[in-house]
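Trainee: Hey, I've got a new structure to look at and no idea where to begin. Can you walk me through it?

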Amino acid sequence: MSNLQTSEIKNGFPPHFEDLKKSANRTSNWRERLEAVEELGRWRDPQTINLLKRLLINDSVYKVQEAAFQKLQNFGEDVELPPQKKGDLIKGTTKSLVRIKKSLPKGHTFEDFKEKLQKMRTDIYDAYEGEKGTDFEKWLENTWASME
């Protein structure tokens, strides 16, 4: 562990743990979860470690899992980075996308679809935006175009 990492880690319970926990559980905002991981990684405490482990195992966005893995390793925890998920990041994504497309009028645009997805299933929108990064827009448009 480098000196920089050591100096950033504090032993003890973060006074704003409840806020960090809420941010870590916000399924519709991967960036907020990532920020929570960064802050949780500064506090070595059984509760922060448990929360980081949960994010490592269960988060739908691999970037968040990777960050939790790194923070736990910095704490000296014996953890493994899970393999990147294949298929739907969130169970039922394909069905939800089809349902949203079918709910729109015939001849709707990709932008109509994207907007409705963002409003109806922010969890799906957010997870795939976080996972796909700069390829998200292209992936979503291709997915939309390939659905019946």
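Mentor: Sure. Keep in mind that this is a predicted model. A good starting point is the largest nonpolar core, which has 37 residues.

Trainee: Which residues have the most contacts inside it?

Mentor: Those are V37, L52, F113, L117 and L140.

Trainee: And which helices supply at least two residues of this core?

Mentor: Quite a list: α2 (17-24), α3 (30-40), α4 (46-58), α5 (62-74), α6 (93-103), α7 (110-120), α8 (122-132) and α9 (136-146).

Trainee: Back to F113. What does F113 touch?

Mentor: Skipping residues up to four places away in sequence, F113 touches L97, I100, K101, L104, H108, L140, W144 and M147.

Trainee: New topic: where is F75?

Mentor: F75 is in the loop between α5 and α6.

Trainee: Is F75 buried or exposed?

Mentor: Buried, because its relative accessibility is 7%, and the cut-off for buried is under 20%.

Trainee: So what is F75 in contact with?

Mentor: Outside its neighbours within four places in sequence, the contacts of F75 include I9, L40, W43, R44 and L52. R44 is 31 residues from F75 along the chain, with their C-alpha atoms 6.7 Å apart.

Trainee: How many aromatic pairs are there?

Mentor: Five in the whole structure. Take Y125 and F136: their ring centres are 5.0 Å apart and the planes sit at 75 degrees, so that pair is edge-to-face. Y125 belongs to helix α8 and F136 to helix α9, so the pair ties together parts 11 residues apart in sequence.

Trainee: Which residues do ring pairs link into a cluster?

Mentor: Y125, Y128, F136 and W139.

Technical notes:
Residues are numbered from 1 along each chain as its sequence is written. This is a predicted model: local features need pLDDT of at least 70, side-chain atom pairs count only at pLDDT 80 or more; totals for chains, interfaces and linings use all residues. Side-chain values use heavy atoms; hydrogens and water are left out. A nonpolar core is a set of buried Ala, Val, Leu, Ile, Met, Phe, Trp, Tyr and Cys residues joined through side-chain atoms within 4.5 Å. Buried means under 20% relative accessible area, exposed over 50%, partly exposed in between (1.4 Å probe, protein chains only). Helices (H or I, at least four residues) and strands (E, at least two) are DSSP runs, numbered from the N terminus. Contact means heavy atoms within 4.5 Å. Rings of Phe, Tyr and Trp (its six-membered ring) pair if their centres lie within 6.5 Å; planes under 30 degrees apart count as stacked, over 60 as edge-to-face and the rest as tilted.
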